Amino acid sequence: MNKLEERVHLLNEQILLQEKNQDKLLFLNEMKKIGIEKLPYSYSSLKQFIDSETMSYHYNKHYKGYVDKLNKALSKKDYGDLELEEIIKSISKFNTTIRNNAGGAFNHALFWKMLSPKKQTPKGELLKKIKSEFGSFNEFKTQFEEVAKERFGSGWVWLVLTKKNQLKIMSTPNQDNPLMNVIKSGGYPILGLDLWEHAYYLKYKNKRDEYISNFWRCVNWEFVDELFSLRTKRKLNESMKIKQVLNEGISERCSKEENESIRFIFNINPKVKQIFRFKIDSILKDVFKEHYYEKGEYGENESSGIYDLESDGRSVINKLNTNYTCFCILLNDVNKVLSRENLPKINLIGQPPFAQISETRKFVNVLDKYKNRIFDVNSATFSNIMSTLTKTNQIGDKTENSTVNILKKKFGDENVIQIGKLGSTEDMVGGVDCEIVIDSETKTAQIKPYSSIKKSDNKYVIYGTGQVKPYKTDFLIFTKGNKEVLVFKNESTKIVNGNFVLPVDNLIYQLN
Ligand code: MN
């Protein structure tokens with residue numbers, strides 16, 4: 001008896017285990033299946049575009065049919081648990097049944113989300129992009145409708161984002177999708193319209209054109225924008241994260257001596273600075289093309305440059321082109337890469353001017369070659385540069401603000417106007433930091449921090465000034481420790497050994 005009971009118990013255990021395994025298998029198979037996307041609104045809520053009967057048939061019969069047939073076809077061969085998007089992207093590996101049904105499942109899943117009962121219009125970046133590529137939103141709509149009308153038989157019309165980040169209107173036959181690797185020059189679909197008869201026939205009959213033009217009443221532009229941003233703003237979102245870790249001090253800076261050497265070269269050899277500046281400008285324009293705005297494009301008074309990168313507004317990255325500390329960081333990191341690859345390092349320090357120029361040319365060419373790696377949000381160099389620029393900028397702002405405050409005490413609040421921020425054109429080219437009204441005459445001024453000043457032969461030599469170059473402003477204002485402010489007339493100013501040299505008589509105000 002005992003033995004029999006034991007055997008029964010054992011058998012029960014085995015049966016249970018088998019059932020468990022079967023359940024597990026069923027569950028796993030279920031998990032492998034492509035799921036049904038829920039309809040985010042009721043069948044009747046898009047009446048301005050499509051009737052509820054069509055919606056119900058379209059969703060329950062056609063769409064669910066594609067998903068069912070796809071899952072059946074996938075289960076015949078063991079394809080593992082592929083995501084629908086993966087299948088679409090590698091569709092050439094599958095047979096026609098899978099191509100048609102995966103396409104149907106994917107296209108409709110997208111299509112449901114691209115519609116909304118709420119009347120919407122495109123905004124912001126997306127609208128700007130549409131306008132810049134099609135001329136106007138209306139022109140885009142016209143072209144989209146034209147391509148839709150040209151589609152003969154069943155298919156879809158799409159707005160896609162190409163690999164080169166350009167918008168393109170295209171159409172695909174049957175249930176093909178622009179993401180399929182069998183589609184020539186496709187792209188990432190951000191808007192699509194179903195052109196199958198099953199999508200409109202009950203309501204529109206043979207008037208397909210009317211169906212097409214009524215589509216605009218129900219486009220979910222918020223979703224389209226989400227898809228658009230996902231492809232174009234990845235950098236932005238991630239660089240925002242970078243800003244959050246900026247102050248954790250994980251980045252390596254150059255030593256004081258290294259920085260001082262670069263500052264010296266920068267100021268004594270304008271050609272070096274010029275080569276660097278031009279290359280950095282073109283690199284940034286290229287790498288951050290989605291964030292680049294021409295003069296007046298971002299805002300009426302905004303200069304050209306990179307915007308909305310680490311946060312809203314003008315980015316600190318615009319100051320990279322004249323920042324010697326960052327030049328030093330880039331140079332060190334580039335040299336690390338070069339020596340790892342057994343290539344000769346770039347040697348600037350202690351070289352005669354002509355050699356500095358040729359070495360700088362080599363340097364910027366390496367920067368250009370590696371630009372996408374260097375100016376990537378995951379690169380250590382990039383976060384180092386962003387944190388350096390942010391800090392320099394904060395210090396710069398502080399210096400400028402406290403100097404302006406000292407000037408205001410002297411000349412009156414309303415007579416001192418601070419202008420030009422973050423490497424804007426005025427700051428860079430005109431070099432105007434502020435305007436001072438003296439005896440109802442407006443004088444422009446450039447504000448520069450300095451470390452020390454020496455008097456010799458009726459001249460002042462000003463040491464430790466960041467950017468030494470000729471300025472066209474009426475005044476040069478030097479400030480030390482946010483306390484002392486020296487206002488010089490900017491006349492017969494000379495640059496000697498990378499330092500400003502001014503006649504003694506030019507010092508017109510000494511404030512603190
Ligand atoms: Mn359909």
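Which residues touch the most other members of the largest nonpolar core? I put this to the predicted model and found that, of the 66 residues in that core, F140, F144, L191, L193, Y211, F215 and W221 have this role. I then looked up where the core draws its members from, and helix 4 (residues 96-113) gives the largest share, eight residues.

I next took F215 by itself and, leaving aside residues up to four places away in sequence, listed its contacts as F49, F111, L115, F144, L191, G192 and L193. I also noted a second, separate core of 42 residues, which includes I275, V316, L330 and V334.

Turning to the cysteines, I found one disulfide in the structure, formed by C254 and C328 with their sulfur atoms 2.3 Å apart. I read the torsion about the S-S bond of C254 and C328 as about -115 degrees, so I entered the disulfide as left-handed. C254 lies in the loop between helix 10 (234-245) and helix 11 (256-268), whereas C328 lies in helix 13 (residues 324-340), so the pair ties together parts that are 74 residues apart in sequence.

Are C254 and C328 buried or exposed? I have C254 as buried because its relative accessibility is 9%, which falls under the 20% cut-off, and C328 is likewise buried, at 3%. I checked C218 as well, which is buried at 0%, and C434, also buried at 0%.

Last, I looked at strand 1 (residues 155-161) and strand 2 (residues 167-173), which run antiparallel and are joined by seven bridges; G155 has P173 as its bridge partner in strand 2. The two strands form a hairpin with five residues between them, and N165 in the turn has a positive phi of about 65 degrees.

Definitions and conventions
Residues are numbered from 1 along each chain as its sequence is written. This is a predicted model: local features need pLDDT of at least 70, side-chain atom pairs count only at pLDDT 80 or more; totals for chains, interfaces and linings use all residues. Side-chain values use heavy atoms; hydrogens and water are left out. Two strands pair if DSSP finds at least two bridges between them. Helices (H or I, at least four residues) and strands (E, at least two) are DSSP runs, numbered from the N terminus. A nonpolar core is a set of buried Ala, Val, Leu, Ile, Met, Phe, Trp, Tyr and Cys residues joined through side-chain atoms within 4.5 Å. Buried means under 20% relative accessible area, exposed over 50%, partly exposed in between (1.4 Å probe, protein chains only). Contact means heavy atoms within 4.5 Å. A disulfide is a pair of cysteine sulfur atoms within 2.5 Å.
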